[in-house]
Amino acid sequence: RPVLWLQDGAHYFESLKASKEDTEAALYRLNLQSQRAAQVEQLTLENSRLRQLLGLRNQVTTSAQPAQVLYDAEDPYTRKVIIDRGLLDAVEAGSPVLDEYGVLGQVTRVYPMVSEVTLITDREQAIPVLNTRTGARGVAFGESSLHASALELRFMAANADVQAGDLLTTSGVDGVYPPGLPVAKVASVERRVGSAFARISCVPLALVVGVVHVLVLKPVTAQNAPRQVEQENTGPAAKGRRK
């Protein structure tokens with residue numbers, strides 16, 4: 001009997017060890033499945049954004065190339081990001097940058113392999129916009145004093161026809177952004193007594209915080225210059241020189 005008791009005790013501890021190992025293996029597999037589920041959700045979100053970005057690329061008539069945001073700029077007082085395209089990819093300073101929802105900013109510095117993009121919410125940035133409801137033009141400035149994703153439509157008269165919810169798009173008069181690109185929506189309109197201008201706050205449509213994939217367009221001026229040169233070369237004077 002003592003021998004049987006020892007054998008039973010040994011079997012008990014062996015089964016207990018096996019059960020513990022099975023439990024640990026099950027927890028490990030559960031953790032792996034949780035990580036994969038989180039990756040699937042992230043990949044699904046990225047896939048959806050990339051599809052929207054490709055759809056926007058098909059709508060844009062200018063040449064565009066995709067890029068990925070590497071990191072935010074080190075200066076905490078500016079709104080800038082670094083993308084993985086540079087001089088080697090034919091990126092030019094002043095190139096508009098979009099995400100799947102609208103205008104994100106423009107390239108301000110170009111390096112061999114990366115570029116610096118200043119967001120439209122930067123306090124030094126200004127973008128000419130058009131109110132799609134009324135057709136009125138204005139200029140939207142970055143408003144960093146409110147929060148990281150805010151714009152202010154400045155120099156609009158106090159009696160201007162501007163309402164909350166109005167869609168603002170690029171007007172194209174600056175020679176940088178093509179016309180018709182979505183920029184922001186009017187969030188609030190404050191008409192102050194004694195002030196000639198209204199205080200108009202806007203929310204950008206682009207993901208100015210947390211954006212990953214973007215499109216880099218060619219500047220409008222770079223596209224118009226070759227056409228002007230071509231017209232000059234094909235004009236009457238050029239024909240006379242050829243004769």
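**Two barrels and the salt bridges around them**

D166 and R133 form a salt bridge, with the closest N and O atoms 2.9 Å apart. The pair links distant parts of the chain. D166 sits in the loop between β8 (151-154) and β9 (167-170). R133 sits in the loop between β6 and β7 (137-142). The separation in sequence is 33 residues. The model is predicted, and every distance here is computed from it.

Are the two partners buried or exposed? D166 is buried, with a relative accessible area of 4%. Buried means under 20% here, so D166 qualifies. R133 counts as partly exposed, at 39% relative accessibility. The pair therefore joins a buried acid to a partly exposed base.

This salt bridge has company. R133, D161 and D166 are linked in a network of salt bridges. Side chains of opposite charge can pair when their charged atoms come close.

N131 touches two members of that network. N131 lies in strand β6 (residues 126-131). It is buried, with a relative accessible area of 5%. Which residues does N131 contact, leaving aside its neighbours within four places in sequence? They are A136, D161, D166, L167 and L168. D161 and D166 belong to the network with R133. L168 leads on to the strands, since its bridge partner in β10 is A184.

Now the sheet around these residues. A closed barrel of six strands runs β6-β7-β8-β11-β10-β9. Its pairing is antiparallel. Neighbouring strands of this sheet are turned by 40° against each other on average, direction ignored.

Follow the barrel from β9. Strand β9 pairs with strand β10 (residues 182-190) in the antiparallel sense, over three bridges. The L168 and A184 pair belongs to this stretch of the barrel. Next comes the pairing of β10 with strand β11 (residues 199-204). How many bridges join β10 to β11? There are six, and the two strands run antiparallel. V189 stands opposite I200 in β11. K185 stands opposite V203 in β11.

The loop between β10 and β11 holds F197. At 41% relative accessibility, F197 counts as partly exposed. Not counting residues up to four places away in sequence, F197 touches F155, M156, A157, A158 and R192. A160 is 37 residues from F197 in sequence. In space the two are 8.7 Å apart, C-alpha to C-alpha.

Strand β8 spans 151-154. The side chains of R154 and E152 meet in a salt bridge, 3.5 Å from N to O. R154 counts as partly exposed at 27% relative accessibility. E152 is buried, with a relative accessible area of 10%. Here again, a buried acid pairs with a partly exposed base.

A second barrel follows. This closed barrel of six strands runs β1-β2-β5-β4-β3-β12, with antiparallel pairing. The twist averages 45° from one strand to the next. Strand β1 (residues 64-72) and strand β2 (residues 80-83) run antiparallel and are joined by three bridges. Within this pairing, V69 has I83 in β2 as its bridge partner.

Strands β1 and β2 also border a pocket. Each supplies at least two residues of the lining of the largest pocket. About 230 Å³ of space lies in this pocket. Its lining has 16 residues. Which of them lie nearest the centre? They are D72, K80, V81, L119 and V208.

One more salt bridge involves loops beside strands of this barrel. E92 pairs with K218, the closest N and O atoms being 3.3 Å apart. E92 lies in the loop between β2 and β3 (96-98). K218 lies in the loop between β12 (213-217) and α2 (220-233). The pair therefore ties together parts that are 126 residues apart in sequence. E92 counts as partly exposed, at 32% relative accessibility. K218 is partly exposed too, with a relative accessible area of 25%.

Across the model, the count comes to seven salt bridges. Among them are E92 with K218, D166 with R133 and R154 with E152.

Conventions. Residues numbered from 1 in each chain as written. Predicted model: local features only at pLDDT ≥ 70, side-chain atom pairs only at ≥ 80, totals over all residues. Heavy atoms only, no water. Pairing = 2+ DSSP bridges. Helix = DSSP H or I, 4+ residues; strand = E, 2+ residues; numbered from the N terminus. Axes fitted to C-alpha atoms, helices over the stretch in contact; angles between N-to-C directions. Buried < 20%, exposed > 50% of the residue type's maximum accessible area, 1.4 Å probe, protein only. Contact = heavy atoms within 4.5 Å. Salt bridge = Lys/Arg side-chain N within 4 Å of Asp/Glu carboxyl O. 1 Å grid on protein atoms, 1.4 Å probe; cavity = no way out; pocket = protein on both sides within 12 Å on 5 of 7 lines; lining within 4 Å. Points joined across faces, edges and corners; volume = space filled by probe spheres on them.
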